[in-house]
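Please examine the sequence and the three-dimensional structure shown below before reading further. The paragraphs after it lead from the overall fold to particular residues.

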Amino acid sequence: MKIIEKVFQFNDSVEIDRCCAPNQNKKGERRQKRNKPTDEQMKKHNKKMAEKKLRRLIKCNFAEDDWHLTLTYDKNNRPTPEQAHKKLLNFINAIRRYCKKQGYVFKYIHVTEYENAAIHHHIIINNFPDVQRVVIGKWKYNTNWSPIYAGDRVEELASYFIKETEKTFRTAKAGKQRYSCSRNLERPEPDEIRPCNLKKLSPNPRVPKEYRDKYIIDVDYCYYGISNKTGYPSQTIVLRRIS
């Protein structure tokens, strides 16, 4: 069974996806047995894939001087999920119109949470001139500001976004999406797709030889599991540039 890997290069990190290529067996080689994942394995796999997709989207489109905002409401004047959705869209459209008029780029990713806490929104936006004055002017309630993590360290933020909406994204009120984003975001694509010389995938990966002098492995965000689509093992390795 051949293994292929897809390499994603970011400013201060490298991510490698490894998976079996089931149609590329050598002549005479026995096909590797597929495993049907359990419901719990499928749920875990889907969550990990959502986290991976979101963090790569953030890495591709946002820098360390961009912003993570938490938009909340007054305690005695909280809207319904439907009302909150409209208020958030009005807020986003108002900023979009402002940026278009000024000739600025506006990018965002947002989620809404209301199942486990008082209803609120998380939104990542890019840093444009006078951004704080504009946001405060367009959002009439409460706003908490946090900078995007430096050095491509957005894993915790992406995991938090997915965790926040683990229940709400499955309901009609949440639009059945884990998150929503602007159409102008760049979609991450692998910089290289190549064969891997490993004979099998291991739950405990090592730093590939070509990266050992400059990167360390981030074990907290590496992942080994069974693909829901193929039934074969898959692996994601996250490498962090050494400061």
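The following explanation begins with the whole chain and then turns to one helix, the aromatic rings, one loop residue and the empty spaces.

The structure is a predicted model. The protein contains four helices and 11 strands. Of its 243 residues, 44% are buried. Contacts also show how the chain is brought together: among those between residues at least 6 apart in sequence, 72% join residues at least 24 apart.

Helix α4, which covers residues 155–164, offers a first example of burial. Seven of its 10 residues are buried, and the helix is thus mostly covered. The buried residues are E155, L157, A158, S159, F161, I162 and E164. A general point about helices is useful when reading such a list. An α-helix has 3.6 residues a turn, so residues three or four places apart point the same way. Which elements cover the buried residues of α4? They include the helix α1 (39–61) and the strands β3 (67–72), β4 (108–113), β5 (120–125) and β11 (233–241).

The aromatic rings come next. The model holds 11 aromatic pairs. One of them joins Y98 and Y104, whose ring centres are 6.3 Å apart and whose planes meet at 55°, an arrangement classed as tilted. Are these two residues buried or exposed? Y98 counts as buried because its relative accessible area is 18%, under the limit of 20%. Y104, with a relative accessible area of 28%, is partly exposed, because this value falls between the limits of 20% and 50%. Another pair, Y211 and Y215, is edge-to-face, with 5.7 Å from centre to centre and 90° between the planes. Both Y211 and Y215 are buried. Ring pairs also build a cluster that links Y98, Y104, F106, Y108 and F128.

Some rings have a charged group over them. The charged end of R56 sits over the ring of F8, at 4.1 Å from the ring centre. In a further case, K107 lies over the face of F62, and here the distance to the ring centre is 5.5 Å.

Both F62 and K107 appear again around N126, since N126 touches F62, D66, V105, F106, K107 and V131, leaving aside residues up to four places away in sequence. Where does N126 lie? Its place is in the loop between β5 and α3 (131–138). N126 is buried, because its relative accessibility of 8% is under 20%. One of its contacts, D66, is 60 residues away along the chain, but the C-alpha atoms of N126 and D66 are separated by 4.7 Å.

The last topic is the space that the atoms leave empty. Rolling a probe the size of a water molecule over the atoms shows where empty space is left. The largest pocket holds about 480 Å³ of space. It is lined by 18 residues, and H45, M49, K52, S227 and S234 are the closest to its centre. The elements that give two or more residues to this lining are β1 (2–9), β2 (13–21), α1 and β11. The largest share, four residues, comes from α1. By class, the lining of the largest pocket consists of five nonpolar, eight polar and five charged residues.

The second largest pocket has a volume of about 350 Å³. Among the 16 residues that line it, R18, N197, L198, R206 and P208 lie nearest its centre. Its lining has four nonpolar, four polar and eight charged residues.

How many cavities of 30 Å³ or more does the model contain? The count comes to one. About 60 Å³ of space lies in the largest cavity. Its lining is formed by K48, M49, E51, K52, R55, D220, Y221, Y223 and T236. Helix α1 gives the most to this lining, with five residues. By class, the lining of the cavity divides into three nonpolar, one polar and five charged residues.

Helix α1 thus recurs in this account. It is among the elements that cover the buried residues of α4, it gives the largest share of the lining of the largest pocket, and it gives the most to the lining of the largest cavity.

Methods:
Residues are numbered from 1 along each chain as its sequence is written. This is a predicted model: local features need pLDDT of at least 70, side-chain atom pairs count only at pLDDT 80 or more; totals for chains, interfaces and linings use all residues. Side-chain values use heavy atoms; hydrogens and water are left out. Buried means under 20% relative accessible area, exposed over 50%, partly exposed in between (1.4 Å probe, protein chains only). Contact means heavy atoms within 4.5 Å. Rings of Phe, Tyr and Trp (its six-membered ring) pair if their centres lie within 6.5 Å; planes under 30 degrees apart count as stacked, over 60 as edge-to-face and the rest as tilted. A charge sits over a ring if NZ of Lys or CZ of Arg is within 6 Å of the ring centre and within 35 degrees of the ring normal. On a 1 Å grid over the protein atoms alone, a cavity is a set of points where a 1.4 Å probe fits but cannot get out, and a pocket is an open set with protein on both sides within 12 Å along at least five of seven lines; lining residues have an atom within 4 Å of a point. Grid points are joined across faces, edges and corners, and a volume is the space filled by probe spheres set on the points. Ala, Val, Leu, Ile, Met, Phe, Trp, Tyr, Cys and Pro count as nonpolar, Asp, Glu, Lys and Arg as charged, and the others, Gly among them, as polar.
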